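Me: I am new to this structure and would like a close look at a single part, its charged side chains. Please take me through them carefully.

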Amino acid sequence: QNPFKVYFKEKDINILYRRGEEINIFILLSCLVNFNLSTENYYKKYIQFAKPKIILTALDTFPMFYRLSKLTNVKTACIQWGTQNRWDGLFSNKYMTNPKNKKKFFVDYIFTHNKKVSKKFKTFCGGETVEIGSFYNNINKKFITKKKKEILFISTHKPYLVQAGYLGSKNKLLFKNDEHIIKCLSDFAHKNNLKLNILGRAIGLGSPEKEYFNKIIRIKYKFIPNYKGRDSNMIAEQFEYVFTIDSTLALENIVKNGKTG
């Protein structure tokens, strides 16, 4: 999803696909002619050819973006995607967050959730930080007033981080109490005759995630699988009672006067 389409017409936006969804053959050949088929050179050539006024990203966890301003001499801006922590995402990247490497990274404007996050960015990246809260919550201003009197638990289940080696053995303990909280919540739902819903987190890992909850929850519940992009905001707002362990969606729900635990 492209959250910037709210502000720009589609014809004025040029998308540089970083995951290989699309490859520009002209740029690729240009890199080959110069015997430099690196990711950095591909980005540089693409941006030089596109001649943008500004380079935007909605994902602040991509390290390469923090080098583009100096590499291309084009202004850059990014928004904070979700809650930042020290064991997942950009802040867990020791090379990026090392103050000794600060001269390598620069973003003209970083739009953050709060001053504390801005302060952290300033320790390893040059440029200006602006606190705006959640960009996604700000552009989604509709308030749902008629809510389902049901419980929604927003999953933050991240087994793939351990499997991929992003979390060390000590950090695995971060999730050891999740199942106890979920058990308490399902017991509460059962005793108070409330329907329980689980909003899945992992895109493409819906089945293992659901199996995880099936082993913990002993009552009938509804699993809402694999939410795409930030449409999850609209899902969370539909429920009267929202619970989570550390999801950004919970903070966004509070801002919209949603009952949140």
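Reply: What follows goes from the whole protein to its salt bridges and then to one patch of charge.

This is a predicted model, in which local features need pLDDT of at least 70 and side-chain atom pairs count only at pLDDT 80 or more, while totals for chains, interfaces and linings use all residues. Residues are numbered from 1 along each chain as its sequence is written, and side-chain values use heavy atoms, with hydrogens and water left out.

The protein has 11 helices and nine strands, these being DSSP runs numbered from the N terminus (helices are H or I with at least four residues, strands are E with at least two). Of its 261 residues, 39% count as buried, where buried means under 20% relative accessible area, exposed means over 50%, and partly exposed lies in between (1.4 Å probe, protein chains only).

The structure holds seven salt bridges, a salt bridge being a side-chain nitrogen of Lys or Arg within 4 Å of a carboxyl oxygen of Asp or Glu. Side chains of opposite charge can pair when their charged atoms come close. Among the seven is the bridge between Arg67 and Glu40, with 2.0 Å from N to O. This pair links distant parts of the chain, since Arg67 belongs to helix α3 (residues 65-72) and Glu40 to helix α2 (residues 39-50), 27 residues apart. Arg67 counts as partly exposed because its relative accessibility is 33%, and Glu40 is likewise partly exposed because its value is 29%.

Another bridge joins Arg19 to Glu21, whose closest N and O atoms are 3.8 Å apart. Here Arg19 counts as exposed because its relative accessibility is 58%, whereas Glu21, at 45%, counts as partly exposed. Lys11 and Asp12 also meet through their side chains in a salt bridge, at 3.4 Å from N to O, and both of these residues are exposed.

Turning to the patch, Arg86, Lys116, Lys119 and Lys120 gather on the surface as a patch of positive charge. Patches are made of residues with over 30% relative accessible area and no salt bridge, with like charges joined within 9 Å and nonpolar side chains (Val, Leu, Ile, Met, Phe, Trp, Tyr) joined within 5 Å. Lys and Arg count as positive and Asp and Glu as negative, while His and the chain ends are not counted; the place of a charge is taken as NZ of Lys, CZ of Arg, CG of Asp or CD of Glu. One of the patch members, Lys116, sits in helix α5 (residues 115-122), and Lys116 counts as exposed because its relative accessibility is 71%.

Notes:
Areas by Shrake-Rupley, 256 points an atom, 1.4 Å probe, with all protein chains shown as cover.
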